[in-house]
Structure formats: C-alpha cells, structure tokens
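Please explain how this structure is built, beginning with its sheets and then turning to the helices, the nonpolar cores and a few individual residues.

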Amino acid sequence: MFSATIAGSLPKPSWLAETQKLWPQWKAEGAELAQAKQDATLLWIKAQEDAGLDVIGDGEQSRQHFVHGFLEQVEGIDFAHKVKMGIRDNRYDAMVPQVVAPLRLKGRVHAGEAQLLRARTGKKIKFTLPGPMTIVDTVADRFYGDKVKMAMAFAELLNIEALALQADGVDIIQFDEPAFNVYMKDAADWGVQALERAAQGLTCTTAVHICYGYGIQANVDWKATLGEEWRQYELVFPALARSSIDQVSLECFHSHVPPQLMKLLDGKDVMVGVIDVASDVIETPEQVADTIGEALKYVPLQRLLPCTNCGMAPMDREVARLKLEALGKGAALARARYGS
C-alpha cells in the first residue's frame, strides 16, 4: 500500500558534474567518468532505501539530460552541430541536436545502468525513458519533416530499448512526457498513440510521467501564467485512461491542479506528486500524508502511489535527500492512518 517512488532524476554530486543545472558538464572523462557515474548511482540507491522508498530508480546519474541521455546512442542525430531552439512551446531556449538521417539505435542504451540497479537492490526497480513526443520537442528536425512520423520512429527505438530493459529485470518502465502538458490536443490526437507504440509488447508495469517541469525559473514563471486552476491534464487524461499504460504520474502538492481531475484516470494506478520540486522547503511527513489523504477522495487506496512532482536534477543534493526522507516517512504515516 502507498508504494513510494521518485519521478526519475536526482541531483548529481559535485564530484560528478556541475550542480543545480539542467545540462551539467561532467567533471571527468573516460573510465574515470564511468566509475564516477556508478558511484553516484550507488549513493542514490542507498539514499532511497534509507528513506524507506519502495520502488528504486537510478536517479539518472549517467545521463547529462533525461532526453539527450537516450539520444546519444541513436544514429541519424548530429550532436556536433547543435542549434538553439525554443522548446516546450518556446518556454525556454536550449541547444539541441539535429535529426539529419534515418533514426537507428547504435546498440543498447542503458544496459549498464539497469543491470547495476538490479544487482544492488532487492526492491522493485523503475527505469525512466523520454517519451517520443517530448523527444520530438527537444530536437531540431532536418530530415523527417513531419512530427508524427518522427515521433513514431523514435517510439520504435524506445520500444527496442524498453524490451531489453525488461529483460534486464526492470519492474516498471516509465516514459517521461512533459510535452503532454504543453501540446494537449496533439497529445490526445497522436502523442498517446506514439507512447503506446513505445510500450508495445511489454509485460512489465508501464508508466507515463506528465509534469509541469523541473523547478527552474522558466517553469516557475510559466506556472505563474496558468491562473488559479491548471486544467491541462483534463485534455489528456481521458486518452490515457483508454490506453494500455498502467500508471500515470502527476503533480499535486503545491500545484493548482484540481485534484478531482484524478477521477479521469479511473482504472489506472496514479503516482500522486506529494513532494514539491520547485521549493527547497522540506515537506513534513504530516503534509505528505495529508496530500495522500486528499488524493484518496479521487483515487482508490490500492491504486495510489506517492511520488515526487517531477525530477529533482537541478535541486541541492541535501535538500533532495531530506525530501526523499519526507516522502518515505509520509507514506509510512499514511499507511498507519488510512490502512485497514
């Protein structure tokens, strides 16, 4: 009951990469960098277990960015000539690689990270991949000339890696689709279809994470323009409820998302965001349990999974660790309060 987990990313230690940045530069190269990535992953596995979390992730310690970490192993993408592009409907600019040829995987993408995670914890493990629609919004297309066609091409590659991750022993494969909250009509029209193509044939648990973004200033400023009610989920949740995806992750605590929108996900497990990643204030276990209690008005007890609102990559490392502790203690408190 109330199996607690993170959305995906965790801060990188200062000896691995620049801190509190979305696209941090690595502090080492070659074999030294590979070892540092493993060390950081082990550190966060232990931190999650110590915090009492039930589903453990790798914290995306081996990826510079949640999208580009996958793209680096894809042929047909030019990383040498990045261009500036407005992403998430021009919410902020980023230097992105260009798609210049047919897309193909070079080989396995995340075998090392998944196998390390599986070997070092006896708990359930979750591995995150970028969703096809969000990838399309984070690259410059110089080849396909059609967003849907390119999204389906990426979905096929994601599916190959997802099936391999399942074979590595991953229990939950989550696709991250923040673009679903930006291009809502497209998400309902073809984004969910591309997502299902990425998850095709999987027998492990499948999930999608849809958030309002990392706690960076551009996202904070955008949220301030959304008014007293954030109803973006309302346009996408019905399509997801009809989909084959098992779990849906959403923002809740300190957001203006009307909690009753969770009812639109009837039949799905709901990862409810009980930890605010846009604030350094540490939640109390009581606040976490209260948020879970509010969500229980709309989500059946057996389907509610407490989670972070989004990834924690740009956060201070100690703040993130304390928030993990609050998540674990809050979930335990909720079990005592609401469990039969």
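**Sheets, helices and cores**

In the three-stranded sheet, Val99 has Asp141 in β5 as its bridge partner. This is a predicted model, in which local features need pLDDT of at least 70, side-chain atom pairs count only at pLDDT 80 or more, and totals for chains, interfaces and linings use all residues. Residues are numbered from 1 along each chain as its sequence is written, and side-chain values use heavy atoms, with hydrogens and water left out. Helices (H or I, at least four residues) and strands (E, at least two) are DSSP runs, numbered from the N terminus. Two strands are said to pair if DSSP finds at least two bridges between them.

Strand β3 (residues 92–105) and β5 run parallel and are joined by two bridges. They belong to an open sheet of three strands, ordered β2-β3-β5, with mixed pairing. Its edge strands, each pairing on one side only, are β2 (74–87) and β5 (140–141). Helix α5 (residues 147–167) packs on this sheet and touches β2, β3 and β5, its direction making about 75° with that of β3. Contact here means heavy atoms within 4.5 Å; axes are lines fitted to C-alpha atoms, for helices over the stretch in contact, and angles run from 0 to 180 degrees between N-to-C directions.

A second open sheet has seven strands in the order β1-β4-β6-β7-β8-β9-β10, with parallel pairing. At its edges stand β1 (55–56) and β10 (304–308), each of which pairs on one side only. Two bridges link β1 in the parallel sense with strand β4 (residues 124–130), and the bridge partner of Ile56 in β4 is Ile125. Helix α5 packs on this sheet as well, touching β4 and β6, and its direction makes about 170° with that of β4.

Further along the seven-stranded sheet, strand β6 (residues 172–176) pairs with β7 in the parallel sense over five bridges. Asp176 stands opposite His209 in β7. Between β6 and β7 the chain passes through helix α6 (residues 184–198), a β-α-β crossover that is right-handed; this term applies if, with the strands pointing away from the viewer, the path from the first strand over the helix to the second runs clockwise. Strand β7 (residues 205–209) is mostly covered, with four of its five residues buried. Buried means under 20% relative accessible area, exposed over 50%, and partly exposed in between (1.4 Å probe, protein chains only). On to strand β8 (residues 247–250), β7 makes three bridges, and the two run parallel; Ala207 has Gln247 in β8 as its bridge partner.

Helix α6 has a kink of about 50° centred on Trp190, where the bend at a residue is the angle between axes fitted to the seven residues ending there and the seven starting there. Trp190 is also one of the buried residues of α6, which include Met184, Gly191 and Leu195. The buried residues of this helix pack against α4 (132–136), α5, β6, β7 and α8 (233–241).

What does the nonpolar interior contain? The largest nonpolar core has 107 residues, and Phe70, Leu103, Phe154 and Leu240 have the most contacts inside it. Its largest share, ten residues, comes from α5. Such a core is a set of buried Ala, Val, Leu, Ile, Met, Phe, Trp, Tyr and Cys residues joined through side-chain atoms within 4.5 Å. Leaving aside neighbours within four places in sequence, Phe70 is in contact with residues including Leu105, Leu129, Ile135 and Leu157. Apart from this core lies another of seven residues, among them Val55, Ile172, Leu305 and Cys307.

Cys307 also appears among the residues touched by Ile6, together with Gln48, Leu53, Lys126, Thr308 and Leu324, not counting residues up to four places away in sequence. Ile6 is found in the segment before α1 and counts as buried because its relative accessibility is 2%.

Two residues deserve a look for their backbone angles. Most residues other than glycine have a negative phi. Phe2, although not a glycine, has a positive phi of about 55°; its place is in the segment before α1 (30–50), and Phe2 is buried, with a relative accessible area of 1%. His254, likewise not a glycine, has a positive phi of about 60°. His254 lies in the loop between β8 and β9 (269–275) and counts as exposed, at 55% relative accessibility.
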